[in-house]
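Trainee: Got a minute to go through a structure with me? I'd like to ask questions and hear how you reason to the answers.

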Amino acid sequence: MVDVDLDGRNDIVLAASEGGGRLSWYQAPPAPQTGAWTEHVVNSSIGYLHQFVVADINRDGRRDIAFAEMAQSPTKRIGWFENNGGGTSWTMRVFATTGSHNIRVADMDRDLDLDIVGSNHDGTSPLELWRNTGGT
């Protein structure tokens, strides 16, 4: 759970882990005990996401979503969805098409921005580091 729209309430982000699907976040209602959660689709044609991470990738104060499609995916995209504000509009930024089974997000090179590290699970794939150079 994470506050995607920065309204003070924790929301939920879900994705299809096997096969095609969509990545969505569900906005917490004002009265969590009785209200309905509202789905906001980030991307409707993404799948094979065993791992995604919600973090402020571009340091603009908004929560973005780093993602990696596994090697089984036809597109094997690795990248992030830029939150254009309030979680209502997103821009996909793809920087690799090698796929990754699992990713982590951290400042690996100590330059004060978040990088992504990951690997496929086939036993022969290298651990890869995708450095955040501040570009989009």
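Mentor: Here we go through the sheets, the salt bridges and two buried residues, keeping in mind that this is a predicted model.

Trainee: Let's start with the sheet of 3 strands: in what order do they come?

Mentor: The sheet is an open one, and its pairing is antiparallel. At its edges are β1 (12-15) and β3 (38-43), each pairing on one side only. Going across, the order is β1-β2-β3.

Trainee: How far are neighbouring strands of this sheet turned against each other?

Mentor: Take the average over neighbouring strands and ignore direction. That gives you 25°.

Trainee: Over how many bridges do β2 and β3 pair, and which residue of β3 stands opposite L23?

Mentor: Strand β2 covers residues 23-27 and pairs with β3 in the antiparallel sense, over 5 bridges. As for L23, look across to β3 and you land on N43.

Trainee: Now the sheet of 4 strands: which strands stand at its edges?

Mentor: This is another open sheet with antiparallel pairing, in the order β4-β5-β6-β7. The twist from one strand to the next averages 20°. Two strands have a single partner each, so one side of each has no neighbour in the sheet: β4 (51-55) and β7.

Trainee: How many bridges join β6 to β7, and which residue of β7 is opposite N83?

Mentor: The two strands run antiparallel, with 6 bridges joining them. One bridge pair is W80 with R93 of β7. For N83, the residue standing opposite in β7 is W90.

Trainee: Which residue in the hairpin of β6 and β7 takes a positive phi?

Mentor: Look between the strands, where the hairpin has 6 residues. The phi in question is near 130°, and the residue is G85.

Trainee: On to charges: how many salt bridges does the structure hold?

Mentor: Side chains of opposite charge can pair when their charged atoms come close. One example is R9 with D7, whose closest N and O atoms are 2.8 Å apart. Counting over the structure, the number is 7.

Trainee: Are R9 and D7 buried or partly exposed?

Mentor: Use the accessibilities, with under 20% as the cut-off for buried. R9 has a relative accessible area of 25%, and D7 comes in at 30%. Because neither value is under 20%, and neither is over 50%, both R9 and D7 are partly exposed.

Trainee: Which residue forms a salt bridge with E82, and how far apart are the closest N and O atoms?

Mentor: The pair links distant parts of the chain, from E82 in strand β6 (residues 78-83) to a partner in strand β7 (residues 90-96), 11 residues apart. E82 counts as buried at 12% relative accessibility, whereas the partner is partly exposed at 23%. That partner is R93, and the closest N and O atoms are 2.6 Å apart.

Trainee: Which residues are linked with D109 in a network of salt bridges?

Mentor: D109 forms a salt bridge with R131, their closest N and O atoms being 2.5 Å apart. This pair also links distant parts of the chain: D109 is in the loop between β8 (102-106) and β9 (115-119), and R131 is in the segment after β10 (128-130), 22 residues apart. D109 is partly exposed, at 25% relative accessibility. The residues linked with D109 in the network are D111 and R131.

Trainee: Is A68 buried or exposed?

Mentor: A68 is found in strand β5 (residues 64-68). Beyond its neighbours within four places in sequence, A68 contacts residues including Y48, L49, I78 and I103. With a relative accessibility of 1%, A68 counts as buried.

Trainee: What separates the C-alpha atoms of A68 and L14?

Mentor: Along the chain the two are 54 residues apart. Between the C-alpha atoms, the separation is 14 Å.

Trainee: Last one: which residue's backbone oxygen lies 3.1 Å from a polar side-chain atom of N83?

Mentor: N83 sits in strand β6 and is buried, with a relative accessible area of 0%. Leaving aside neighbours within four places in sequence, the contacts of N83 include V4, D60, R63 and S89. The backbone oxygen you're after belongs to R63.

Technical notes:
Residues numbered from 1 in each chain as written. Predicted model: local features only at pLDDT ≥ 70, side-chain atom pairs only at ≥ 80, totals over all residues. Heavy atoms only, no water. Pairing = 2+ DSSP bridges. Axes fitted to C-alpha atoms, helices over the stretch in contact; angles between N-to-C directions. Salt bridge = Lys/Arg side-chain N within 4 Å of Asp/Glu carboxyl O. Buried < 20%, exposed > 50% of the residue type's maximum accessible area, 1.4 Å probe, protein only. Contact = heavy atoms within 4.5 Å. Polar contact = N/O pair within 3.5 Å; in protein donor to acceptor, adjacent residues only side chain to side chain.
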